[in-house]
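Q: Please take me on a close look at the buried parts of this protein. I am new to structures, so explain the words as you use them.

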Amino acid sequence: MTSTSHPHLTEPDRPRWKTLAFTVPSGRRRVASVRFGPESRRDPLLPQLIRNGLLDEGQQCVQVRLNAADAANPAARALLDAEAGTALRLHRALDDTEYTALFPRIVGYELDAAEPFLLYAAPRGTAIARTHVMSATDQRVLTRDLMLALCLLDSQELVLRGISPATVLWDGASVQLWGLEGAARTGGPRTRWGRAPYCSPEQRRGEGLVDPRDAVWSAAQVLYQLVTGRPGPGDRAPTDLGEHRVLAETLRGAFAPLAADRPTPAQLLDLLAPGAARRVTLTVPADETRAHREAFEQALRLKQQAPVTHQEPRTPAGRGSDGQVLCPYCLENIQLDLASLFVTDSRMQYKPLDVSTIGNPLRRQDVMRGAVQKCTADRDFPEHFIPVPYLTYGRPLTVAMVGQSSTGKSHLLTQMIAEITDGGLEPFGLKWQSVNPEQHARFVRERVQPLRNGKVLDHTGALGLDGFARFVESLLITDAHGQVRPVAFFDLGGEDLVRTDAALRFLLGIDALIFVVDPALALPLPHLDHARERWGVEVNRDGDLAFGTVLDRLPKNGPYLDVAAAMVLGKADLLRFQPPVDRWLGRAPATSLDPERMREESRDVYGLLRQHAGPAWLRPFDAIRRCTLHVASATGGQEDQGRYPAGAGPRRVLEPLLALLALHGMVEVPGGAEAFAVGEAPAFEAVPSGRAGRTGGAVGTVRETK
């Protein structure tokens with residue numbers, strides 16, 4: 001055997017070389033031959049499998065992976081994703097520094113495959129669970145290295161929750177800290193993780209928020225086990241702590257039951273190595289986004305200072321004096337005509353409905369809810385029918401998705417509507433109802449269910465205006481005050497927009513726009529090259545043609561367009577390890593709208609696009625006064641052979657719509673809709689429930705183009 005052979009493999013059992021394609025930390029793709037040894041569970045309670053490997057150039061590695069059965073579980077994939085995100089974050093921060101050896105070194109990853117995996121360089125050292133004797137000098141060095149590692153994690157707003165004698169490796173000179181699968185973001189809600197006595201009492205109960213001092217407890221328990229050869233108590237300091245000088249001198253406060261009573265990693269590190277904590281802060285890479293954040297704030301200040309054009313408002317619940325609304329198909333004005341109503345029969349054919357023969361008012365109302373009206377406003381347009389509730393609850397709020405056909409708009413809108421029907425609006429005081437039960441059931445059957453089952457959707461072929469505005473779905477939304485309003489969703493393929501009267505009339509009446517940014521087209525980041533190659537697209541520094549076409553057609557009165565808008569960095573799962581997307585994409589769904597949090601997300605997305613994509617991609621934000629920015633993923637991962645391996649798991653798809661509803665006064669926000677839009681000072685002052693969105697720049701200050 002050579003020095004790079006695996007001693008536990010005999011020649012007859014030696015596996016064959018296999019070809020493996022993966023992404024390296026720089027973002028580039030690599031194809032390598034690799035040979036793996038036997039595999040085992042890393043932890044009996046966790047799904048990840050682990051095995052040693054040998055890359056073709058002789059580099060020893062360790063593969064952490066999920067088999068196909070476990071990978072079908074979104075929770076298992078989330079664990080592997082969290083581990084990869086932590087490893088890549090540490091690589092970006094510490095590569096080429098003296099601290100890089102304190103953590104596992106990631107070699108590559110492939111996370112969207114049917115059997116996702118990570119590759120690490122071979123571990124350095126032996127788990128201290130196997131170490132029985134260590135000198136006091138080595139104990140002090142090990143303690144220092146552990147606190148140094150915790151400080152470095154703290155600088156990245158990360159906490160390792162699973163530190164134990166099995167995850168702390170020692171090579172006789174320094175520590176290597178494994179267990180990255182247990183990383184959690186500082187300030188997030190604690191969840192139960194780890195085993196006593198190594199997980200802190202609060203973590204074991206899943207109480208409160210993740211704190212760097214959770215890891216201090218774990219490290220102290222590991223050191224106590226190392227020194228005494230036995231585990232400590234799981235809820236208090238060991239009674240014999242004073243008998244062990246190294247522990248008593250440095251870690252007495254680390255065993256406090258509450259995190260608030262423990263010292264921080266930096267305090268303990270400075271006790272062991274004065275000045276070391278400050279050197280850690282100097283090692284962390286400088287913030288490269290400051291200039292872009294300042295540019296965002298300056299853009300908001302200009303919007304705040306710009307004169308507001310007071311255009312004639314359209315009351316949300318009211319129609320025109322003649323009761324007309326815009327047909328979502330032909331985009332002509334129509335009104336309720338009781339002589340033109342139809343219902344479907346058992347063969348799904350339309351038959352006329354005469355409501356005058358229905359004497360019972362409740363039955364008439366129920367029948368009309370399922371009825372449709374034939375639209376004859378444009379006799380040259382193909383035959384089409386409008387649900388009656390769409391015509392009876394006032395002027396609909398029209399929401400249009402804007403972007404090229406490759407941006408994933410259909411998947412995003414499908415998941416957005418699916419989240420609504422799953423009750424996603426209820427925490428915000430909103431309720432929903434289908435405009436037409438039959439049409440909604442068909443939408444769920446043909447769009448929502450296949451996507452949730454992991455099928456890639458075909459492009460929408462709905463009836464629309466010359467390929468420009470395609471009606472997708474409509475819902476009745478009831479706000480916290482009982483006001484009902486139809487909300488209609490459209491898909492704008494702005495590349496093909498021509499200056500027709502109907503198209504211009506549609507844009508004159510549009511209420512809200514969602515501009516979907518495709519990261520593969522916008523961001524020249526190396527780790528997106530593989531996606532671009534698969535899809536046959538290139539980076540376009542000139543921005544999305546659909547954005548410019550629609551913006552150029554919108555009515556303008558003053559320095560800014562006065563339509564509510566949201567920009568969405570879609571397919572964000574492609575960027576889930578890229579700052580600042582990694583900060584937002586993994587967050588739990590919001591249950592209330594926090595103006596400050598919304599502004600932070602907008603600032604982060606603005607900075608990312610400004611830094612990497614260029615000004616053309618920010619044109620909607622620059623042109624529209626009331627515009628928020630978001631990250632979202634309709635599927636949570638990329639397709640593999642026409643399917644999403646773990647199903648399509650949406651992330652943050654509802655936030656853009658919630659922002660638009662807030663801008664139109666349908667969701668109450670502190671400070672009102674106007675302050676929510678441009679970040680004025682009142683946006684960050686709490687208001688009593690029932691007043692927000694009703695006074696001082698909420699519904700009354702929503703300006704819409706007639």
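A: Buried residues make up 55% of the 706 residues in the protein; "buried" means under 20% relative accessible area, "exposed" over 50% and "partly exposed" in between, with a 1.4 Å probe and protein chains only. Keep in mind that this is a predicted model, in which local features need pLDDT of at least 70, side-chain atom pairs count only at pLDDT 80 or more, and totals for chains, interfaces and linings use all residues. Residues are numbered from 1 along each chain as its sequence is written, and side-chain values use heavy atoms, with hydrogens and water left out.

The protein has 22 helices and 25 strands, which are DSSP runs numbered from the N terminus (helices are H or I with at least four residues, strands E with at least two). Among contacts with a separation of 6 or more, 68% are between residues 24 or more positions apart, where a contact means heavy atoms within 4.5 Å.

Let's start with strand S25, residues 627-631. Five of its five residues are buried, so S25 is largely enclosed by the rest of the structure. In a regular strand, the side chains alternate between the two faces of the sheet. You can follow this along S25: Cys627, Leu629 and Val631 point one way, while Thr628 and His630 point the other way, and all are buried. Strand S24 (residues 564-569) runs parallel to S25 and is joined to it by five bridges; two strands pair if DSSP finds at least two bridges between them. One of these bridges links Ala566 with Thr628 in S25.

Now for a helix with plenty of cover. H19 takes in residues 595-612, and 14 of its 18 residues are buried. At 1.5 Å a residue, H19 should span 26 Å, and its end C-alpha atoms are indeed 26 Å apart, so the two values agree. (The expected span is 1.5 Å times one less than the number of residues.) Look at both ends of H19 as well. At its start, a side-chain oxygen of Asp594 comes to within 3.0 Å of the backbone nitrogen of Glu596. Just after H19, Gly614 has a positive phi of about 105°.

Helix H17, residues 545-553, has Ala546, Phe547, Gly548, Thr549, Val550 and Leu551 as its buried residues. The start of H17 also has an Asp to find: a side-chain oxygen of Asp544 reaches to within 2.8 Å of the backbone nitrogen of Ala546.

Finally, zoom in on two single residues. Gln415 sits in helix H12 (residues 409-421). With a relative accessible area of 0%, Gln415 is buried. Leaving aside residues up to four places away in sequence, Gln415 touches Leu451, Arg452, Ala634, Ala648, Pro650 and Val653.

Gly454 belongs to the loop between helix H13 (437-452) and strand S20 (464-465). Because its relative accessibility is 0%, Gly454 counts as buried. Beyond residues up to four places away in sequence, Gly454 touches Gly642, Arg643, Tyr644, Gly647 and Ala648. Here is a good pair to click on: Gly454 and Pro645 are 191 residues apart in sequence, yet their C-alpha atoms are 6.7 Å apart in space. Ala648 is worth a second click, as it is among the residues touched by Gln415 and among those touched by Gly454.

Definitions and conventions. Polar contact = N/O pair within 3.5 Å; in protein donor to acceptor, adjacent residues only side chain to side chain.
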